[in-house]
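Let's take a walk through this fold, one piece at a time. Have the coordinates open as you read.

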Amino acid sequence: MMWKVIVGLMDYTGMAKKSHEADIVIDSTMNVDDIAETLHENGIIEMPWLFKTYINMKNESEGFLDGEYTVNSTMATKKSSSHSAYER
């Protein structure tokens, strides 16, 4: 159980994670679940549910802009969501 807390904190803060970049594509058909899964499949986040929870808690589940983005596993969840052109 403790490892889940540690991995969750690493995902949320981006700290103590091995740096890994990935190019992801967000299109108009994707929702938060799809984006979280894409980040997970590309090794950017370990816990998609944490990313989804953060976005839903901030009431920002709509508004991702379409496009291709380079993201890094060391980004904090807040920065990852902003970096994904979240804010219009």
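Before we look at the strands, one bit of bookkeeping: two strands count as paired if DSSP finds at least two bridges between them. Keep in mind, too, that this is a predicted model.

With that in hand, start at β1, which covers residues 21-26. Its partner is β2, residues 67-72, and the two run antiparallel with 6 bridges joining them. If you want a landmark for the register, E21 sits opposite N72 of β2.

Now look at where the side chains of β1 go. In a regular strand, side chains alternate between the two faces of the sheet. That's the pattern here: A22, I24 and I26 point to one face and are buried, while E21, D23 and V25 point to the other face and aren't buried.

Next, the nonpolar interior. The largest nonpolar core has 17 residues, and I26, I35, L39, F51 and V71 are the ones with the most contacts inside it. β1, β2, α2 (32-41) and α3 (48-57) each supply at least two residues of this core, and α2 gives the most, with 4.

That brings us to the two helices. The axes of α2 and α3 are 9 Å apart, and the helices pack at an angle of about 140°. Angles over 145 degrees would count as roughly antiparallel and 65 to 115 as roughly perpendicular, so α2 and α3 are oblique to each other. The crossing of α2 past α3 is right-handed. On the α2 side, the contact is made by V32, D33, I35, A36, E37, L39 and H40; α3 answers with P48, F51, K52 and I55.

Notes
Residues numbered from 1 in each chain as written. Predicted model: local features only at pLDDT ≥ 70, side-chain atom pairs only at ≥ 80, totals over all residues. Heavy atoms only, no water. Buried < 20%, exposed > 50% of the residue type's maximum accessible area, 1.4 Å probe, protein only. Core = buried A, V, L, I, M, F, W, Y, C linked by side-chain atoms within 4.5 Å. Axes fitted to C-alpha atoms, helices over the stretch in contact; angles between N-to-C directions. Parallel < 35°, antiparallel > 145°, perpendicular 65-115°, else oblique. Left-handed = near helix turned anticlockwise from the far one by under 90°. Contact = heavy atoms within 4.5 Å.
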